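Hi everyone, thanks for making room for me today. I have one structure to walk you through, so let's bring it up on the screen.

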Amino acid sequence: MKKSLLALLLTLALLPAMAQNHVFVETESFEDKGGWVIDQQSFVVMNSSYIMAHGMGRPVKDASTNVKFPKTGKYHLWVRTKDWAPFPKGPGKFQVLLDGKSTGQTFGESGSDAWKWYDGGVIDIKNADIKLALKDLTGLNGRCDALLFTDDLKFTPPNDLEALTAFRRKLLNLTDKPQEAGRYDLVVVGGGIAGTCAAISAARMGLTVALIQDRPVLGGNNSSEVRVHLMGDVDKNHYPKLGRIVREMDNGDPGNGNPDAKEYGDARKISIVKAEKNLSLFLNTHVFKVEKENDIITAVVGRDIATNQERRFTGSFFSDCTGDGTVGFLAGAEFRMGRESKAETGESLAAEKADDFTLGTSNLWASVDRDTVSSFPETPWAMQFSDEYHIDEPKSDWQWETGFGNFNTITQAEQIRDHNLRAIYGNWSYLKKNKPAKYGKKELAWVAYIGGKRESRRIIGDHILNQMDIQEGKFYPDGSVTATWTIDLHFPDAKNSQYFEGQEFFAGTKHIKVAPYTIPYRCLYSKNIQNLFMAGRNISTTHVAFGSTRVMRTCGMMGEVVGFASYIANKYKTTPRGVYKDYLPELTGILKGETLAPQP
């Protein structure tokens, strides 16, 4: 009798939980994004992507999807969003539509810049199948992460990151066993110029390669999403074989922020990669997890930024070409971030004291001429400009830059981008209103919503390149990539600091010329993770030396070297360090063009 009573009580206790229905919708998975765009730049702090209405002041088309409810009836709606410019209220306003009708509330103007769930009220779902849509009201970067419909009218979804991540995974049915994407000789994470060149180089040497990129295009800062021109020379090498793949990727010099997206050759880059029979390309995949045994990486796990499908990539060798050093960081590789002191490095250009200062992130923009006069919205939430200080330019160049130690370029990527947008929109609104003769018929044609990042983590290798290596032109036995760019360290523009102290968004620099110098191969692999290569702006340098090595043609040649070295490491079943210690003459032979690629 007691057992039956206990069972009945347990059953009654479980009934509310069993009856609870959650309908959870990730916005990045909407079937039709309309004019909204996917932003994954804050995945490292949100564990999710989101969509954003990036219309440059013109409302974008609705994003929509079809949703099936388990039953009709009353549901409590929750919307996860933020006010991205709460000064005091931002412009990112949007509404939720159910079968074309607004739920009655406007989101995105709360005055709080924290991502959290907002109460959308109780709604009556009369049809089990509905069309769910987000209606942008301004075209000024309203954003939405997810929506939740629950028939437990007293339920409140979690805002705590750990609890929210577990909640997401449960409702998305994500398991601890992601789909197996295969095993590869080399797994390259990061599809910028460095990563793309590394993947192609290794594939042409006969290795099976996976190239994983977290955006829908390749090229990184040289893609149509960021639009930075390629810098550095490939024709001053000691080794004639280096730079050939970089030249294939090179689409000429359209400059920075060209309003014509085609000038950056996205389709061409992808077609070159897809032509490689040994290379498998995985776009829209953000790597967020590393598996390892002791100091050896065994696999990485990535999530599709749109579908949330997770894939696991196993491999013999891995190359971190993410720029942020994401794979190395997750694997426990030694790294540095910020400036070293003069006392530590002995560099005359180093800071007096070590600090968190990094070069900033740019969001470039451009306007074009139109036949008729146009207006731009008032921007009380943006940076405020005046006759005394404004930037009288119809397009940007590299100087539009935020960072400089005021923001962490990894964990505050969204805030940096938003700060740049407040500067761009505020200045443009001022120009349109106050200089109509010059700007009346100009219209914003393009504003980057993906940040062009310059500096974050630098993974430590067996050699740390420094200022003296560069200026003295030291040639080490393992010298590989010849670099030509100046030591180019940015800092806040003095006049910008005068008017926006602590909130700078405009940069200055001093170019310190260098003779062509050679980067040692030992800068291209991790000191403490046995099978990890790196190429790009995250290689083993000091902050000062990084000012020269970071440009993209140079980074592309690093990728080519990594491809050659991974071939040797795979051939002899050794490590990246083993290539240096035991097979350096063979690597040098490849760089000189003395060794032919394996024949199919």
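Let's start with what sits over helix H16: the cover on its buried residues includes strand E24 (479–483), helix H14 (552–572) and helix H15 (576–582). Before I go on, please keep in mind that this is a predicted model.

So how many of the nine residues of H16 are buried? Seven of them are, so this helix, residues 584–592, is largely enclosed by the rest of the structure. If you'd like to click through them, the buried ones are Leu584, Glu586, Leu587, Thr588, Gly589, Ile590 and Leu591. Right after H16 comes glycine 593, and its phi is positive, near 85°.

Now hop over to another helix, H3, which covers residues 161–171 and contains phenylalanine 167. Is phenylalanine 167 buried or exposed? Its relative accessible area is 11%, and the cut-off for buried is under 20%, so phenylalanine 167 counts as buried. Leaving out residues up to four places away in sequence, phenylalanine 167 touches His22, Phe24, Leu148, Phe155, Pro157 and Pro158. Take Phe24 from that list: phenylalanine 24 and phenylalanine 167 are 143 residues apart along the chain, and their C-alpha atoms are separated by 9.8 Å.

Next, a little sheet. Three strands make an open sheet in the order E20-E18-E22, with antiparallel pairing. At the edges are strand E20 (401–402) and strand E22 (452–453), each of which pairs on one side only. Strand E18, residues 361–362, pairs with E20 over two bridges, in the antiparallel sense. Which residue in E20 stands opposite threonine 361? That's another threonine, number 402.

Let's zoom out to the whole chain. The protein chain has 16 helices and 28 strands. Its radius of gyration is 26 Å, close to the 25 Å that the globule rule gives for 600 residues, so the chain is as compact as a globular protein of that length. Along the principal axes, the C-alpha trace spans about 80 × 75 × 45 Å.

As for the inside, buried residues make up 59% of the 600. Among contacts with a separation of 6 or more, 77% are between residues 24 or more positions apart.

And for those of you who think about electrostatics and surfaces: there are 73 positive and 72 negative side chains, and the centres of the two sets lie 3 Å apart. The chain exposes about 24100 Å², with carbon and sulfur atoms supplying 51% of that.

That's my tour, and I'm happy to rotate anything you'd like to see again.

Conventions: Residues numbered from 1 in each chain as written. Predicted model: local features only at pLDDT ≥ 70, side-chain atom pairs only at ≥ 80, totals over all residues. Heavy atoms only, no water. Helix = DSSP H or I, 4+ residues; strand = E, 2+ residues; numbered from the N terminus. Rg over C-alpha atoms; globule rule 2.2 N^0.38 Å. Buried < 20%, exposed > 50% of the residue type's maximum accessible area, 1.4 Å probe, protein only. Contact = heavy atoms within 4.5 Å. Areas by Shrake-Rupley, 256 points an atom, 1.4 Å probe, with all protein chains shown as cover. Lys, Arg positive; Asp, Glu negative; His and termini not counted. Charge placed at Lys NZ, Arg CZ, Asp CG, Glu CD. Pairing = 2+ DSSP bridges.
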